[in-house]
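Please look at the sequence and the structure shown below before reading on. The paragraphs that follow lead from one pocket to the overall fold, and then to selected parts of the chain.

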Amino acid sequence: MKFVPLAEIEEIAKKIAEETGVEFVEAEVKTSPSPSLTVYIDTEDGVDLVTCEKFHRAIDPALDEKDVSYGSPYTLNVSSPGLDRPLKTQRDFERAIGEDVEVKLFAPMRGKKYLEGVLADFDENTVTLEISGQPLKIEKNKIAKINKAIVFE
């Protein structure tokens, strides 16, 4: 099973997201036994079932018109990126400034592969965490995953 290039699918999704008032996060295709296309969306207030259904109904005809699967059947899913959504885009990082984050590293730094702290700053190549009041600058290419910390109170 083959899909058109992901960039073409993302272009369609971004347009429909703008038209429906949601934020396009990312798209993901799976071609294994049960082919699927999952489009992740978000809003300032989070995503509920009604929002997912509205977006699904809006994007489905556009994907069919583009024939993103070259005529092969697939399942279209629309979903929230979830609470543990990785920070990927500049907007993700901007929204997380001042928030508690969890960082998983490819290799240990200061003897640890897992760090928690407050996202103090970021730029194109680095992330700065505040850990116990001390800044720690980490190169993004050393980070396996960074996401907002989920705090249960």
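**A guided reading of the model**

Strand β1 contributes the most to the lining of the second largest pocket, giving four residues. The structure discussed here is a predicted model. The volume of this second largest pocket is about 160 Å³. Its lining comprises 13 residues, and those closest to the centre are Val-25, Glu-26, Arg-85, Pro-86 and Asp-92. Two elements, β1 (23-30) and α3 (90-96), each give two or more residues to the lining of the second largest pocket. Sorted by class, this lining holds five nonpolar residues, one polar residue and seven charged residues.

The largest pocket encloses about 480 Å³ of space. It is lined by 19 residues, and Asp-42, Gly-82, Leu-83, Arg-85 and Lys-148 are the ones nearest its centre. In this lining, seven residues are nonpolar, four are polar and eight are charged. The reader may note that Arg-85 is named among the residues nearest the centre of the largest pocket and also among those closest to the centre of the second largest pocket.

The chain as a whole can now be considered. Its secondary structure consists of three helices and eight strands, which follow one another along the sequence in the pattern α-β-β-α-β-α-β-β-β-β-β. The C-alpha trace spans about 55 × 30 × 30 Å along its principal axes. Of the 153 residues in the chain, 37% are buried. Among contacts with a separation of 6 or more, 53% join residues that are 24 or more positions apart.

Helix α2 deserves a closer reading. What span should be expected of its 18 residues? Helix α2 covers residues 49-66, and at 1.5 Å a residue it should span 26 Å; the C-alpha atoms at its ends are 25 Å apart, which agrees with that expectation. The helix has a kink of about 25° at Ile-59, shortly before the proline Pro-61. Its buried residues are Thr-51, Cys-52, Phe-55, Ile-59 and Leu-63. A general rule helps in reading such a list: an α-helix has 3.6 residues a turn, so residues three or four places apart point the same way. The buried residues of α2 pack against α1 (6-20), β2 (36-42) and β3 (75-79). Just after α2, Asp-67 adopts a positive phi of about 55°.

Strand β2, one of the packing partners of α2, contains Ser-36. Is Ser-36 buried or exposed? Its relative accessible area is 10%, and because a residue counts as buried under 20%, Ser-36 is buried. Leaving out residues up to four places away in sequence, Ser-36 touches Phe-3, Glu-28, Val-29, Lys-30, Tyr-74, Thr-75 and Asn-77.

A second example is Thr-128, which is located in strand β6 (residues 126-131). Thr-128 has a relative accessibility of 13% and therefore counts as buried. When neighbours within four places in sequence are set aside, Thr-128 is in contact with Val-118, Leu-119, Ala-120, Asp-121, Pro-135, Leu-136 and Lys-137. How far apart in space are Thr-128 and Gly-117? Their C-alpha atoms are 9.3 Å apart, and the two residues are eleven residues apart in sequence.

Note on methods
Residues numbered from 1 in each chain as written. Predicted model: local features only at pLDDT ≥ 70, side-chain atom pairs only at ≥ 80, totals over all residues. Heavy atoms only, no water. 1 Å grid on protein atoms, 1.4 Å probe; cavity = no way out; pocket = protein on both sides within 12 Å on 5 of 7 lines; lining within 4 Å. Points joined across faces, edges and corners; volume = space filled by probe spheres on them. Nonpolar A, V, L, I, M, F, W, Y, C, P; charged D, E, K, R; others polar. Expected span 1.5 Å × (residues − 1). Bend = angle between axes of the 7 residues up to and from the residue. Buried < 20%, exposed > 50% of the residue type's maximum accessible area, 1.4 Å probe, protein only. Contact = heavy atoms within 4.5 Å.
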